[in-house]
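User: Hey, got a minute to walk through a model with me? I'll just throw questions at you as they come up.
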Amino acid sequence: MINPLTESSGSLDSRPERREHPPVDATLKHTPLESLHAELGGKLVPFAGWFMPVQYKSIIDEHQAVRTAAGIFDISHMGQVAVTGNGAGAWLERVLASPVAALAVGTGQYSFLLNDAGGVIDDLIVYRDAQDSFFLVINASMIDLDLAWMQAHLEPAVVLDNQSQRWAGMAVQGPEAVGVAARALPGVALPERNGIVRTTVDGQEIVICRTGYTGEDGFELFCEAGVGQGWFRRFIGAGAAPCGLGARDSLRLEMGFPLNGNDLSPTRTPLEAGLGFFVGWDKPDFIGRAALLEQKAAGLREKLVAIRYTGTGAPPRAHYPVHAPGGDVIGELSSGGLSPSLREGIGMAYLPVAFTKLGTAVEVEVRGRKFPAVVVKKPFYKKPCSGHSQPEKELTS
Amino acid sequence: MNVPEHLHYTSDHEWILLEGDVATVGITDHAQEELTDVVFVELPAVGKRVDAGDPTAVVESVKAASDIYAPLGGEVVAGNSEVEGDPSLVNSDPYGSGWIFKLKVADLATVGTLMDAAAYKALIG
């Protein structure tokens, strides 16, 4: 007996509905690109409260398209919040953990919304598109919680505008993303790395951000929901291959990028997640600061580490137990999968600091069998040097 | 969609080739297409006794692990070590070199519980 339609879950037990039938969960949200995904042969599954394409033909092929050429992902499920007003910058400096005040107009940075205990409510990108205007791109499943948290901490000279319904979003990623964007957006000055450009093309307002979640160069483009399909087609016509959330997950995992809900949670701090680099330590105050400083002084008990199989084995997946070699359970995988680039099992786990040194041997338990693995440095995948044709050497070093 | 006439099927997208009292089991062309990119196959131990419906093997794609249950009761007499080494055979040759395990069927009368090609074709529409 087989259920070939469990792509969204990674669990043997869960049995999501088949794609031939409408989803039973009426609360699922629908991307404005849904009918286009169906036309392109996309397999739609529930993800983060949305009905989204997990793949079109093959996750591995889509993954490789992004590593070697260019792919396009629907990211309309992600949320956008505009923060404006003459108090916006100072307010975000306190509500977000990163050094927001240091942002030049037209640039963005990776940031966190932390709770008072320093735990991660959400990770996000904050762009400054004008002196007193910011554009936040937040996780799909966190839109309501993020807004409730921000509303609860709101101050008079700040205006929050949830624009999540307004914008369709798409991420164009890969070494050829710049060429694709140049063909799809002739004459438009594209932003630099981490930059943001607002412009009008054919009478349509678009927001172009130079960022992504794959480790490749690329853009995230937001347009009015009603014209989303036209823009998605335009990028496909310019050479981007449609890619689903399956490839998006394997690409981000190869880079060791965290996924909120898996690798980040309200009970884990950026320090434990190994992301202290993105925290504005010099800021006089921000929500969670006291807790982070206390944790820093006391020392960490557990840390998120990258784990790689030392041989072949059953693909590691989230929630699989991690053992000391031949011994006790010391944690569980927060994310895992077979790396299409490395062709080996990779994953991340919060482990006691005694097991977090690079080279530490551990074991991953899959259905009662244990597979040897080792703690490695992030990212798992390093791009082959441009101009050299030695990918195998690069990938296995 | 390729649904060979001489095989038996289950509603869970397995095919069964019966030769005497030995049943060879694999997943259908439709199932491999839905799964895509099979990257790992876990075989049962030879000699394992199973009842119909027991989880017997696991096929994993990039995104998920799927149980394969015994379509009939019996004893596992072989696992296809070739698909262990090259799981993509399940995609490229699902009815041939991509077979997964063989069972010595305990009671041949239970074969009547399986679907024929016409019924399976109707199922997958």
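Analyst: Sure, we can go through the domains, the sheets and then the second chain. One thing up front: this is a predicted model.

User: Fine. How is chain A divided into domains?
Analyst: Domain 1 of chain A is made of two stretches, 29–77 + 166–254. Domain 2 covers 79–162, and domain 3 covers 301–376.

User: What distance separates the centres of domain 1 and domain 2 of chain A?
Analyst: 23 Å, taken over C-alpha atoms. The contact between them takes 13 residues from domain 1 of chain A and 11 residues from domain 2 of chain A.

User: Which elements give two or more residues to the domain 1 side of that contact?
Analyst: β11 (196–201) and β12 (204–209) of chain A. By class, the residues on the domain 1 side that touch domain 2 of chain A are 7 nonpolar, 5 polar and 1 charged.

User: Now the sheets. What's the strand order in the 5-strand sheet of chain A?
Analyst: The order is β6-β7-β8-β5-β9 (chain A), in an open sheet with antiparallel pairing. The edge strands are β6 (107–114) and β9 (159–162) of chain A, each pairing on one side only. From one strand to the next, the twist averages 25°.

User: How many bridges join β5 to β8 in chain A?
Analyst: There are 6 bridges between β5 (residues 79–84) and β8 (residues 133–138) of chain A, and the two strands run antiparallel. As one example of the register, A82(A) stands opposite F135(A) in β8(A).

User: Which helix packs on that sheet?
Analyst: That's α4 (residues 143–152) of chain A, which touches β5, β6, β7 (120–130), β8 and β9 of chain A. The direction of α4 makes about 75° with that of β7(A).

User: OK, next sheet. What's the order in the open sheet of 3 strands in chain A?
Analyst: β1-β3-β2 (chain A), with mixed pairing. β1 and β2 of chain A are the edge strands, so to speak the rims, and each pairs on one side only.

User: Which pairing is parallel and which is antiparallel there?
Analyst: β1 (residues 29–30) of chain A runs parallel to β3(A), with 2 bridges joining them. β2 (residues 43–47) of chain A runs antiparallel to β3(A), with 5 bridges.

User: And which residues are the partners?
Analyst: On the parallel side, K29(A) has W50(A) as its bridge partner in β3(A), and H30(A) stands opposite F51(A). On the antiparallel side, one of the pairs is K43(A) with Q55(A).

User: How many residues sit between β2(A) and β3(A) in the hairpin?
Analyst: Just 2 residues. A48(A) is in that turn and has a positive phi of about 50°.

User: Why is β3 of chain A largely enclosed by the rest of the structure?
Analyst: Because 5 of the 6 residues of β3 (residues 50–55) of chain A are buried. There is also a helix on this sheet: α7 (residues 245–255) of chain A touches β2 and β3 of chain A, and the direction of α7 makes about 70° with that of β3(A).

User: Switching to chain B. How many helices and strands does it have?
Analyst: Chain B has 4 helices and 9 strands. Along the sequence, the pattern reads β-β-β-α-β-β-β-β-β-α-α-β-α.

User: What's its radius of gyration?
Analyst: Chain B has 13 Å, which agrees with a compact globule of 125 residues, where a value near 14 Å would be expected. The C-alpha atoms of chain B fill a box of roughly 35 × 35 × 20 Å along the principal axes.

User: What share of its residues is buried?
Analyst: 47% of the 125 residues of chain B count as buried. As for contacts between residues at least 6 apart in sequence, 62% of those in chain B join residues at least 24 apart.

User: Last topic: how many residues does each chain give to the contact between A and B?
Analyst: 26 residues from chain B and 24 residues from chain A. On the chain B side, α1 (29–35), β4 (38–42), β6 (55–61) and β7 (65–69) each supply at least two residues.

User: Which of those gives the largest share?
Analyst: β7(B), with 5 residues. By class, the side of chain B that touches chain A has 12 nonpolar, 6 polar and 8 charged residues.

Methods: Residues numbered from 1 in each chain as written. Chains lettered and ligands numbered in written order. Predicted model: local features only at pLDDT ≥ 70, side-chain atom pairs only at ≥ 80, totals over all residues. Domains from an automatic or database assignment. Contact = placed C-beta atoms within 7 Å. Nonpolar A, V, L, I, M, F, W, Y, C, P; charged D, E, K, R; others polar. Rg over C-alpha atoms; globule rule 2.2 N^0.38 Å. Buried ≥ 20, exposed ≤ 12 C-beta atoms within 10 Å, placed from the backbone. Pairing = 2+ DSSP bridges. Axes fitted to C-alpha atoms, helices over the stretch in contact; angles between N-to-C directions.
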